Amino acid sequence: MSASGSGETAGLPRTGRPPTSKAEYVHETLRHEIVNGVHPPGASVNQDEVATRLGVSITPVREALRRLESDGLVTYRAHHGATVSALGVEAAEELRQLRAAVEGLSARLAAQRITDAQLAELTEVHDRMVSGRESADSQDLARDSHLFHQMVADVGGPAFLGGHVRSLRRNNPILETVSRWKDPARVTLYLNAHGRMLEAFAQGDGAEAERLMAEHILASPGGNGSGGVLPRTTPRVGRHPKGGRSGPGPGAPSSIIRPR
């Protein structure tokens, strides 16, 4: 498992292959921007602005917008043109519940399947977020959070779940991005949640990993909570070959971040 193969970043889309046409290039760029919150729900998509910004004519922009409409990401209204679709309250709650179930199961399975190398790589992503929380751009933090979640899904469910999580993120505006990562209090909560998950993975505790992931998602903005889980005074642990606590060890996950 490598970071480079675990999805997309919060900048330009990385599909692993060059676009086959200008329309595909525009489609992938706009889809990525919508899913990552650059264009919020209800925002107008100005065809002329997009064409100028991306250096293409109006024709591929129109074709891309038709594809985005089929994807459910934009809608056309009379005299308004294309606008970014907004999930209704019930649809948003259904999506959140679906993510909690799927990613929670992925986390449970990841705790059972994760290798030392995979745990070290996941910890590296978390440590990068921790060390850069004061200076990193909020978009960088959002990108690494996206990467963290996708890496967990790929470890836990390489046959089906990883692809399902990727599809959910690809086709729905799961706003993991900029605004929520600008709030230092939220950043602390999110990093605490990720740190607790790493401890559960190191201990091989699938039930705890599932609980933490599900609570983390259900408490995200738009829900009823804060986006984190309550920290507990558990010491750092090293990986044990059969699960369970083994005390501090090399490569142990980072400790919980305390509010500043």
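Which residue in β2 does Val74 stand opposite? The partner is Val84, and we'll come back to that pair below. What you're looking at is a predicted model of a chain with 9 helices and 2 strands. Of its 260 residues, 48% count as buried.

**The overall layout**

- Reading from the N terminus, the elements go α-α-α-β-β-α-α-α-α-α-α.
- If you take the contacts in the chain with a separation of 6 or more, 68% of them come from residues 24 or more positions apart.

**The two strands**

- Strand β1 covers residues 74–77 and strand β2 covers residues 81–84. The two pair in the antiparallel sense, over 4 bridges.
- This is where the opening pair sits: Val74 faces Val84 of β2.
- Together β1 and β2 make a hairpin, with 3 residues between them. Look for His79 in the turn, which has a positive phi of about 70°.
- As a general point, side chains in a regular strand alternate between the two faces of the sheet.

**The nonpolar cores**

- The largest nonpolar core has 24 residues. Leu122, Phe148, Val152, Met197 and Phe201 are the ones with the most contacts inside it.
- Helices α4, α5 (116–131), α6, α8 and α9 each put in at least two residues of this core. The biggest giver is α8, with 6 residues.
- Met197 is a good place to zoom in. Setting aside neighbours within four places in sequence, Met197 is in contact with Phe148, Leu212, Met213 and His216.
- There's also a second, separate core of 17 residues. Among its members are Val50, Ala51, Leu65 and Leu68.

**Helix α9 and what covers it**

- Helix α9 runs over residues 206–218, which makes 13 residues. At 1.5 Å a residue the helix should span 18 Å, and its end C-alpha atoms are indeed 18 Å apart, so the two values agree.
- Plenty of α9 is tucked away: Gly206, Glu208, Ala209, Leu212, Met213, Ala214, His216 and Ile217 are buried.
- What covers them? The cover for the buried residues of α9 includes α4, α6 (138–156) and α8 (184–203).
- Two of those buried residues, Leu212 and Met213, turned up above as contacts of Met197.

**A buried arginine in α4**

- Arg96 sits in helix α4, which takes in residues 89–113.
- Is Arg96 buried or exposed? Arg96 is buried, because its relative accessible area is 12%, and buried means under 20%.
- The side chain of Arg96 makes a polar contact of 2.3 Å with the side chain of Glu93.

**Salt bridges**

- How many salt bridges does the structure hold? There are 16. Here are a few to look at.
- In helix α2 (residues 47–54), Glu49 and Arg53 lie 4 residues apart, about one turn of the helix. Their side chains meet in a salt bridge, at 2.9 Å from N to O.
- Glu49 is partly exposed, with a relative accessible area of 37%, and Arg53 is partly exposed at 37% too.
- In an α-helix there are 3.6 residues a turn, so residues three or four places apart point the same way.
- Arg196 and Glu199 form another salt bridge, with their closest N and O atoms 3.0 Å apart. Being 3 residues apart in helix α8, they are separated by about one helical turn.
- This pair is out of sight: Arg196 counts as buried at 4% relative accessibility, and Glu199 counts as buried at 2%.
- Salt bridges that share partners also join Arg128, Asp140, Arg143 and Asp144 into one network.
- Within that network, Asp144 forms a salt bridge with Arg128, the closest N and O atoms being 2.8 Å apart. Asp144 belongs to helix α6 and Arg128 to helix α5, so the pair ties together parts that are 16 residues apart in sequence.
- Asp144 counts as buried, at 4% relative accessibility, whereas Arg128 is partly exposed, with a relative accessible area of 36%.

Methods
Residues numbered from 1 in each chain as written. Predicted model: local features only at pLDDT ≥ 70, side-chain atom pairs only at ≥ 80, totals over all residues. Heavy atoms only, no water. Buried < 20%, exposed > 50% of the residue type's maximum accessible area, 1.4 Å probe, protein only. Polar contact = N/O pair within 3.5 Å; in protein donor to acceptor, adjacent residues only side chain to side chain. Expected span 1.5 Å × (residues − 1). Contact = heavy atoms within 4.5 Å. Pairing = 2+ DSSP bridges. Core = buried A, V, L, I, M, F, W, Y, C linked by side-chain atoms within 4.5 Å. Salt bridge = Lys/Arg side-chain N within 4 Å of Asp/Glu carboxyl O.
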